[in-house]
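These are my notebook entries on two spaces in the protein and on one pair of helices. I began with the linings and then turned to the helix packing.

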Amino acid sequence: MDKMSQYSLVAALIALGLSSACYLWYLFGRRSSVARVATAGGPAMAVDVAVPASEGGAGRYGTLLAANAVAFLTLWMVFRSIYTGHGPFSNMHEFSGAFSWGILTAYLVVETRYRVRTLGAIAAPAALAMLAYAITIPADQAPLVPALQNNLLLTIHVAVSIVAYGTFAVSFGAALLYLVRTRAPQEHLPSAEMLDEIGYRSVTIGFPFMALVIILGALWADVAWGRYWGWDPKETASLVTWLIYGAYLHARTLRGWKGDRSALLLVAGFAAVLFTYFGNLFLGGLHSYAGLK
Amino acid sequence: MKRLWQLLVSVRTALVLILLLTAGTLAGTLIIQVPQNIPLGSPDHVQWLAKVRPRFGAWTDVMALLDLFTVFRSWWYQALVLALLLSIGACSIHRWRVITREVFHPPLRVAPSLFERPGTDAGDLAVDARSAAAELERALRARGHRVIAREGEAGTHVYADRHRLARYGSLIGHLSLAILLVTAFVGSRVGWTDDGFVVPEGSTRELGLDGLSVYVPSFVAESYPTGQPKDFRSEVVLLSNGSEVARKTIHVNDPLDHDGIRFYQSFFGPAAQLRVSDGSGRVVFDDAVALAWRADGDRPLGSLRLPAQDVTAYVVAPSAGGRGDALIKPGEMRLEIYQGRSDAPVRMAAVAQGEDLKAAGLTFTFVREKQFTGLRVAKDPTVPLIWLGSSLLVIGVTAVLIFPTRRLWALVRATPAGSRVSILTVGRRDHMQTEEIERILAGLTRPAGAQTEAVPRRRGRAPAPEARGLPERGIN
């Protein structure tokens with residue numbers, strides 16, 4: 001089972017690497033063709049020739065490979081769970097692989113719903129970075145310390161956070177593209193309106209899930225440590241994350257805060273996600289059992 | 001007063017408060033905090049500040065003055081939370097009536113002229129207005145809408161909504177936050193906790209709450225072969241006036257609950273079984289001493305007080321891990337005996353198991369090494385309210401964000417060629433809603449069994465561009 005899970009992980013890494021390359025080619029390859037045609041035949045031509053079949057194809061391959069990567073990551077999680085006897089969520093290695101799965105899955109849902117492929121050029125490399133990180137850190141199945149020996153809560157608490165973090169990553173990608181799009185009008189990017197909506201819709205999923213992550217954490221803390229909230233750094237960091245997205249949900253309805261500032265809040269929100277995620281490496285506290293010292 | 005109210009119900013105020021709280025919470029996360037169990041202004045607090053002074057230098061006092069080491073107990077953090085509470089309360093009152101009106105008494109028709117504005121979707125059908133209205137109603141119902149149709153002078157007015165009760169999600173979500181904050185505040189006042197209730201294996205200790213005492217017949221700390229901890233468990237017997245009222249083996253994730261008082265496995269450490277007898281051979285003490293404190297050199301330390309003899313004994317074990325402690329050999333305990341108020345010990349020496357030490361007219365015998373278990377005992381009757389608030393929070397934000405209320409108004413009019421269906425929405429329409437309305441209109445062109453044809457068209461804006469594989473322009 002251990003071998004099988006390792007093979008799946010490597011297969012996912014390869015698929016995701018190729019997928020990222022395709023998405024990037026899809027984004028930047030198109031851009032150069034637009035520029036070429038624009039100088040040769042004028043802007044009117046640019047629209048028609050902006051999507052040559054070959055580069056549209058690169059995007060399609062990107063999607064196909066990303067879907068494959070999700071499938072391999074799913075297999076990896078299944079094999080890993082069978083091997084370790086609990087959900088693949090107990091150390092940084094497992095959690096990072098699952099995080100990568102979360103980003104990709106959330107992105108593919110958005111791609112299917114909105115038919116926007118350019119976002120893949122951010123989402124796929126982000127997922128790739130997470131997966132690469134997962135592979136570089138020890139996968140040793142360290143036995144669970146007593147506080148983590150609560151299979152049900154461990155699985156749900158972390159599985160829910162995967163959904164939240166994955167959707168937040170997608171909203172981050174949309175916000176980045178939004179900021180680029182509004183500064184230098186890029187014909188090949190989705191409209192600013194749509195990027196704003198993708199960012200928002202992702203948060204509408206991520207925000208309730210993040211609330212659930214914090215609540216499940218509180219429930220677990222109450223069972224294991226006898227208090228539902230103790231101002232532990234991991235607790236406060238996740239509260240910061242939730243507050244930033246809460247601020248975003250309010251800001252997006254306000255004149256003067258729509259658009260750029262909201263997008264910046266999404267960027268800050270994802271920075272908080274990464275901080276919360278990697279926080280246990282340097283913050284200490286009760287969550288410092290990540291399998292890394 | 002009116003201005004204050006307007007300030008409180010403003011979303012902008014709420015946003016500013018959230019951002020300030022975010023900044024404060026972030027500061028409390030990034031800056032090392034005085035542990036929660038150290039009371040503010042206590043000697044421990046002063047000592048703690050002295051410990052971090054080398055790190056922050058002259059800034060230590062400035063930061064302490066600004067409560068940056070005690071963010072979550074500071075007046076300004078609590079003031080922000082209170083302001084947020086007021087804002088939540090005011091907004092909820094303010095929105096309550098608006099929402100209730102929208103949910104239960106929506107305007108069923110809008111002025112026909114509004115359907116001529118840009119942004120209205122329209123489709124022309126070859127059937128008469130009556131059948132077109134019926135088709136529209138059926139299509140909307142099939143998509144989960146509640147539909148109310150009224151005949152008017154201009155044609156058939158159709159009002160439709162979906163997930164209308166989700167409008168209350170926002171209220172529920174906000175009020176649940178208020179429940180959580182208030183409950184946490186009340187809980188911190190009425191709750192009772194002991195973070196470090198220590199009982200040596202085989203001993204009984206008084207809890208100091210409801211006349212209860214705790215007897216721990218056994219404690220086990222299991223490790224994996226790698227040395228990592230695997231399981232800690234204490235057998236806990238709860239005694240009330242000497243008789244057993246509850247018994248359970250508790251683990252880290254499995255506390256004992258007795259009448260709302262909960263006992264959690266928290267930590268553990270060494271203990272020393274001692275026997276003390278006086279000159280006549282009478283045993284004056286025979287119990288275990290928990291070495292729950294730390295002396296110099298990371299050595300476990302405990303103390304024993306004999307009031308009748310006015311004697312205090314300190315018991316020190318070899319430094320944790322036991323490697324190379326020059327002062328105390330493995331298996332030995334160092335006893336330091338003090339009498340009266342004197343700071344100088346009467347006698348101190350390391351004793352091996354079974355050995356005696358005579359001091360102050362008493363004989364101290366180190367019987368054997370044991371372990372103690374450290375429990376956290378908590379009684380907080382408000383906790384169920386926390387779970388109620390949490391559930392409401394998740395229900396509220398899920399309803400309002402994942403199942404947003406959709407509302408639309410349609411007008412079905414007769415035209416020379418048949419009929420026209422126009423659809424109007426309020427507020428910012430998103431891609432999903434736009435697509436759905438397009439589908440509804442397109443669907444009207446081919447209802448089952450009917451020979452109608454409609455040309456869906458939108459005014460004002462171009463259809464969603466990337467959906468067509470075309471770059472979009474002109475939105476910015």
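Entry 1, a pocket. I looked up the second largest pocket and found 29 residues in its lining; A:V109, A:R113, A:R201, A:I205 and B:I402 lie nearest its centre. I noted which elements give two or more residues to this lining: α4 (92-114), α6 (151-183) and α7 (192-225) of chain A, together with α9 (431-445) of chain B. The model I am reading is a predicted one.

I then asked which element gives the most to the lining of this pocket. It is α4(A), with eight residues. For the volume of the second largest pocket I recorded about 590 Å³. By residue class, I entered its lining as 13 nonpolar, eight polar and eight charged.

Entry 2, a cavity. I next checked the enclosed spaces, and the count came to four cavities of 30 Å³ or more. I followed up the second largest cavity, which has a volume of about 60 Å³. I listed its lining as A:I103, A:Y107, A:L119, A:I122, A:A123, A:A126, A:A169, A:V170, A:F172, A:G173 and A:F270. The elements that give two or more residues to this lining are α4, α5 (120-136) and α6 of chain A.

Which element gives the most to the lining of the second largest cavity? I found that α6(A) does, with four residues. The lining of this cavity divides into 10 nonpolar residues, one polar and no charged.

Entry 3, a helix pair in chain B. I looked up how helix α5 (residues 75-104) of chain B lies against helix α7 (residues 167-190) of chain B. Their axes come within 9 Å and cross at roughly 155°. Angles over 145 degrees count as roughly antiparallel, and I therefore entered α5(B) and α7(B) as roughly antiparallel to each other. Is the crossing of α5(B) and α7(B) left-handed or right-handed? I recorded the crossing as left-handed.

I then wrote down the residues in contact. On the α5(B) side they are B:V81, B:L85, B:I88, B:S92, B:W96, B:I99, B:T100, B:E102, B:V103 and B:F104. These meet B:R167, B:Y168, B:L171, B:H174, B:L175, B:L177, B:A178, B:L181 and B:V182 in α7(B). I classed the residues of this contact as 14 nonpolar, three polar and two charged. B:E102 of α5(B) and B:R167 of α7(B) are among the residues I listed for the contact.

Notes:
Residues numbered from 1 in each chain as written. Chains lettered and ligands numbered in written order. Predicted model: local features only at pLDDT ≥ 70, side-chain atom pairs only at ≥ 80, totals over all residues. Heavy atoms only, no water. 1 Å grid on protein atoms, 1.4 Å probe; cavity = no way out; pocket = protein on both sides within 12 Å on 5 of 7 lines; lining within 4 Å. Points joined across faces, edges and corners; volume = space filled by probe spheres on them. Nonpolar A, V, L, I, M, F, W, Y, C, P; charged D, E, K, R; others polar. Axes fitted to C-alpha atoms, helices over the stretch in contact; angles between N-to-C directions. Parallel < 35°, antiparallel > 145°, perpendicular 65-115°, else oblique. Left-handed = near helix turned anticlockwise from the far one by under 90°. Contact = heavy atoms within 4.5 Å.
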